[in-house]
Amino acid sequence: MPRLLVVYHSQSGASARLAAAARGGAEATDGITVTLCRAWDAGSQDILAVDGLLLVAAENSGGLSGGMKDFLDRTFYPVGERERVLPCALLLSAGNDGRGAVRQAQRILSGFPMREAVEPVVCRGPVTPDLEARARELGAGFAAGLEMGIF
Ligand SMILES: Cc1cc2nc3c(=O)[nH]c(=O)nc-3n(C[C@H](O)[C@H](O)[C@H](O)COP(=O)(O)O)c2cc1C
């Protein structure tokens with residue numbers, strides 16, 4: 001059964017809520033195992049054990065949040081040795097922009113054996129039911145693609 005890991009970093013709880021919604025969407029897909037983990041608690045072994053990775057974080061000061069960047073910095077070398085290219089996806093929370101976080105995340109990920117399987121989703125402003133629905137949709141779509149083996 002394909003395994004999806006959702007890793008999130010959140011200071012005020014916005015990305016945490018989006019990550020939980022994305023996990024809910026993914027778990028609604030049959031035939032996939034979903035794990036949710038804080039970036040501070042996750043490491044390279046967690047990435048090496050799964051078939052898909054969803055990263056959820058905020059834009060901070062025009063870039064990717066420090067906690068998520070720390071996670072990617074810590075895992076760079078061990079995950080770089082992985083031969084299989086891992087499908088990944090980005091879900092970002094931002095006050096009113098988010099473009100800098102997307103750019104930085106994509107630039108960092110281009111150094112990993114990872115490929116963005118779906119378009120990044122940026123959720124601007126406070127988390128609303130509509131934004132949670134978008135996050136759920138992203139989780140469900142990513143999980144369905146993994147389950148069907150199309151990524
Ligand atoms: C230190 C700091 C810097 C921020 N910089 C940006 C920014 O550059 N662009 C933006 O759109 N929002 C910015 N924000 C707003 C956050 O991205 C937004 O509040 C987000 O929902 C926080 O998510 P979190 O609670 O998961 O950390 C910043 C917030 C903080 C605390």
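**Exercise 1.** Work out whether Pro-87 is buried or exposed.

*Solution.* Start by counting neighbours: Pro-87 has 22 other C-beta atoms within 10 Å. Next, look up the cut-offs: a residue is buried with 20 or more other C-beta atoms within 10 Å of its own, exposed with 12 or fewer, and partly exposed in between, with C-beta atoms placed from the backbone. So Pro-87 is buried.

A quick word on the model: it's predicted, so local features need pLDDT of at least 70 and side-chain atom pairs count only at pLDDT 80 or more, while totals for chains, interfaces and linings use all residues. Residues are numbered from 1 along each chain as its sequence is written.

**Exercise 2.** Find where Pro-87 sits and which residues Pro-87 touches.

*Solution.* First, place Pro-87 in strand β5; strands are DSSP runs (E, at least two residues) and helices are too (H or I, at least four), numbered from the N terminus. Then list the contacts (C-beta atoms, placed from the backbone, within 7 Å). Skipping residues up to four places away in sequence, Pro-87 touches Gly-52, Arg-115, Ala-117, Leu-146 and Phe-151.

**Exercise 3.** Decide how α1 is oriented relative to α5.

*Solution.* Take the angle first: α1 and helix α5 (residues 129-148) pack at about 45 degrees, their axes 6 Å apart. Because angles under 35 degrees count as roughly parallel, over 145 as roughly antiparallel, 65 to 115 as roughly perpendicular and the rest as oblique, α1 is oblique to α5. Axes here are lines fitted to C-alpha atoms, for helices over the stretch in contact, with angles running from 0 to 180 degrees between N-to-C directions.

Definitions and conventions: Two residues are in contact if their C-beta atoms, placed from the backbone, lie within 7 Å.
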